[in-house]
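Work through the exercises below with the structure at hand. Try each task before you read its solution.

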Amino acid sequence: TEIAHGRGSAMLPPAPHAPGPLAAFGAAVDWTVVGIGAVMITLVFANVMLHVVGKDFAWVTELAELLMVWVTFLGGACATRRGAQMTITEFIDKLEGNARRGADAAVDLFAAGVLGALVWYGINLTIAGWGNELTVLHVPMSTQYAGMPVGCAAMLVWVLWDLFRIARGDSREARLKN
């Protein structure tokens, strides 16, 4: 199927090839970002229209802030899946063959370490914030905080998949091929 080959849907940007379960995971994250974005757009637009008639729903602003955290970190996972995260490549692009794969692996190892730390500390932050509530929605602040470790864990999946492909000997072009 299209998803099993990493291509996803015509509505989503193309993604590199991945085995079925990884491709399905990637598609689920992509569609979650699309869904959250659609909810945010709808809610904020409705609230702006209510401002025209002098009304306002405070819960819309707070919910949009909560969703923004989630869409930011999950969006980072979408970018990581496609190798689209921001990079400075002037040096690394001059390398070829094994030197390039080695440099890519070093960058991925560093990224994996940072993401692992963010997952660890994000889980601790989420646990610590469970007793605090958002002002208007009256849900635990951890609902918002959890976006960081969940999104970073999803990014970590794609970084580790890239490391696996580097170890297998795949070139950067092959790893990012749709």
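## Exercise 1: The largest pocket

The largest pocket has a volume of about 580 Å³. Here a pocket is an open set of points on a 1 Å grid over the protein atoms alone, where a 1.4 Å probe fits, with protein on both sides within 12 Å along at least five of seven lines. Grid points are joined across faces, edges and corners, and the volume is the space filled by probe spheres set on the points.

This is a predicted model: local features need pLDDT of at least 70, side-chain atom pairs count only at pLDDT 80 or more, and totals for chains, interfaces and linings use all residues. Residues are numbered from 1 along each chain as its sequence is written, and side-chain values use heavy atoms, with hydrogens and water left out.

**Task.** Describe the lining of the largest pocket: which residues are the closest to its centre, and which elements give two or more residues?

**Solution.**
- Step 1. Lining residues have an atom within 4 Å of a point. There are 28 of them, and Gln85, Thr87, Val107, Asp108 and Arg172 are the closest to the centre of the largest pocket.
- Step 2. Two or more lining residues come from each of helix 2 (58-81), helix 3 (97-128), helix 5 (147-167) and helix 6 (172-176). Helices are DSSP runs of H or I with at least four residues, strands are runs of E with at least two, and both are numbered from the N terminus.
- Step 3. Sort the lining by class: 13 residues are nonpolar, 6 polar and 9 charged. Ala, Val, Leu, Ile, Met, Phe, Trp, Tyr, Cys and Pro count as nonpolar; Asp, Glu, Lys and Arg count as charged; the others, Gly among them, count as polar.

## Exercise 2: The whole chain

**Task.** How many helices and strands does the chain have, and what percentage of its residues is buried?

**Solution.**
- Step 1. Count the elements: 6 helices and 0 strands. From the N terminus, the order reads α-α-α-α-α-α.
- Step 2. Frame the chain. Its C-alpha atoms fill a box of roughly 60 × 40 × 35 Å along the principal axes.
- Step 3. Of the 178 residues, 37% are buried. Buried means under 20% relative accessible area, exposed means over 50%, and partly exposed is in between (1.4 Å probe, protein chains only).
- Step 4. Take contacts with a separation of 6 or more: 66% join residues 24 or more positions apart. Contact means heavy atoms within 4.5 Å.

## Exercise 3: Asp170 and Arg101

**Task.** Is Asp170 buried or exposed, and which side chains make polar contacts with its side chain?

**Solution.**
- Step 1. Find Asp170 in the loop between helix 5 and helix 6.
- Step 2. Asp170 counts as buried because its relative accessibility is 15%.
- Step 3. The Asp170 side chain makes polar contacts with the side chains of Arg165 (2.8 Å) and Arg168 (2.7 Å). A polar contact is a pair of N or O atoms within 3.5 Å; within protein, one must be able to donate a hydrogen and the other to accept it, and residues adjacent in sequence count only if both atoms are side-chain atoms.
- Step 4. Leave aside neighbours within four places in sequence. Asp170 then contacts Arg101, Arg165 and Arg175.
- Step 5. Move to Arg101, in helix 3. With residues up to four places away not counted, Arg101 touches Ile166, Gly169, Asp170, Ser171 and Arg175. Its side chain also makes a polar contact with that of Asn98 (2.4 Å).

## Exercise 4: Two buried helix residues

**Task.** What do Asp30 and Gly147 touch, leaving aside neighbours within four places in sequence?

**Solution.**
- Step 1. Asp30 sits in helix 1 (residues 20-52). Asp30 is buried, at 4% relative accessibility.
- Step 2. The contacts of Asp30 beyond those neighbours are Leu12, Cys78, Arg81 and Arg82.
- Step 3. Gly147 belongs to helix 5 and is buried, at 0%.
- Step 4. Beyond its own neighbours, Gly147 contacts Val69, Trp70 and Phe73.

## Exercise 5: One loop

**Task.** Where is His138, and what is notable about its phi?

**Solution.**
- Step 1. His138 lies in the loop between helix 3 and helix 4.
- Step 2. Phi of His138 is near 55 degrees, a positive value in a residue other than glycine.
- Step 3. His138 is exposed, with 52% relative accessible area.
- Step 4. Asn132 is also found between helix 3 and helix 4 (142-145). Asn132 is partly exposed, at 40%.
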